[in-house]
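Trainee: I should like to learn how the terms used for a structure follow from its values. May we work through one example together?

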Amino acid sequence: MKKSFLKFQFLAVMLFASAMVFAQTENIFWDREFWKSAPSVETLKVKIAEGNDAVARNARGFDAVSNALLANAPVEAITFLLSLEGNGPNKITHDGRNYIFWAASRQNLEIMQILVDKGSSM
């Protein structure tokens, strides 16, 4: 009886882990390949309307804004994402960093200035 229960627990954990991996790939904004296409604001709006979450963080703490910054997405796209409720200038992402650190890592002075103007902490 005990072995059956352990097998059941193992199977349940594996199914849960598989579901988490699948759920992570569902959100297009977590896909680094998506950002390589330099999506426009219109494309972002379409993807949001399709059910993709531009605010949610993946298991590693990256969200649409951090991925867009890392991919050097168009300033207009990043500015649009920053305008969404839940993507404020001090939102914490990977390693406890906020967006200004990701903008600085890409030497994106324009976005850094936008973030400072929005009250980003440094």
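**Lysine 91 and its surroundings**

Mentor: Let us begin with a contact in this predicted model: the side chains of K91 and D63 are joined by a polar contact of 2.8 Å.

Trainee: Why is the pair K91 and D63 called a polar contact?

Mentor: The limit for a pair of N or O atoms is within 3.5 Å. The value here is 2.8 Å, and therefore the pair qualifies under that limit. K91 has another polar partner to consider: a polar atom of its side chain lies 2.4 Å from the backbone oxygen of V55.

Trainee: Why is K91 called buried?

Mentor: Buried means under 20% relative accessible area. K91 has a relative accessible area of 11%, so it is called buried. Across the protein, 33% of the 122 residues count as buried.

Trainee: Which residues are in contact with K91, leaving aside its neighbours within four places in sequence?

Mentor: They are V55, R57, D63, G86, R97, N98 and Y99. Each has heavy atoms within 4.5 Å of K91, because that is what contact means.

Trainee: Where in the chain is K91 placed?

Mentor: K91 belongs to the loop between helix 5 (75–82) and helix 6 (99–105).

Trainee: What makes the pattern of the protein α-α-α-α-α-α-α?

Mentor: The protein has seven helices and zero strands, and the pattern read along the sequence is accordingly written with α alone.

Trainee: How much area does the protein expose?

Mentor: About 7,600 Å² is exposed, and carbon and sulfur atoms supply 61% of that area.

Notes
Residues are numbered from 1 along each chain as its sequence is written. This is a predicted model: local features need pLDDT of at least 70, side-chain atom pairs count only at pLDDT 80 or more; totals for chains, interfaces and linings use all residues. Side-chain values use heavy atoms; hydrogens and water are left out. Helices (H or I, at least four residues) and strands (E, at least two) are DSSP runs, numbered from the N terminus. Buried means under 20% relative accessible area, exposed over 50%, partly exposed in between (1.4 Å probe, protein chains only). Accessible areas come from the Shrake-Rupley method with a 1.4 Å probe; for residues, only the protein chains shown count as cover. A polar contact is a pair of N or O atoms within 3.5 Å; within protein, one must be able to donate a hydrogen and the other to accept it, and residues adjacent in sequence count only if both atoms are side-chain atoms.
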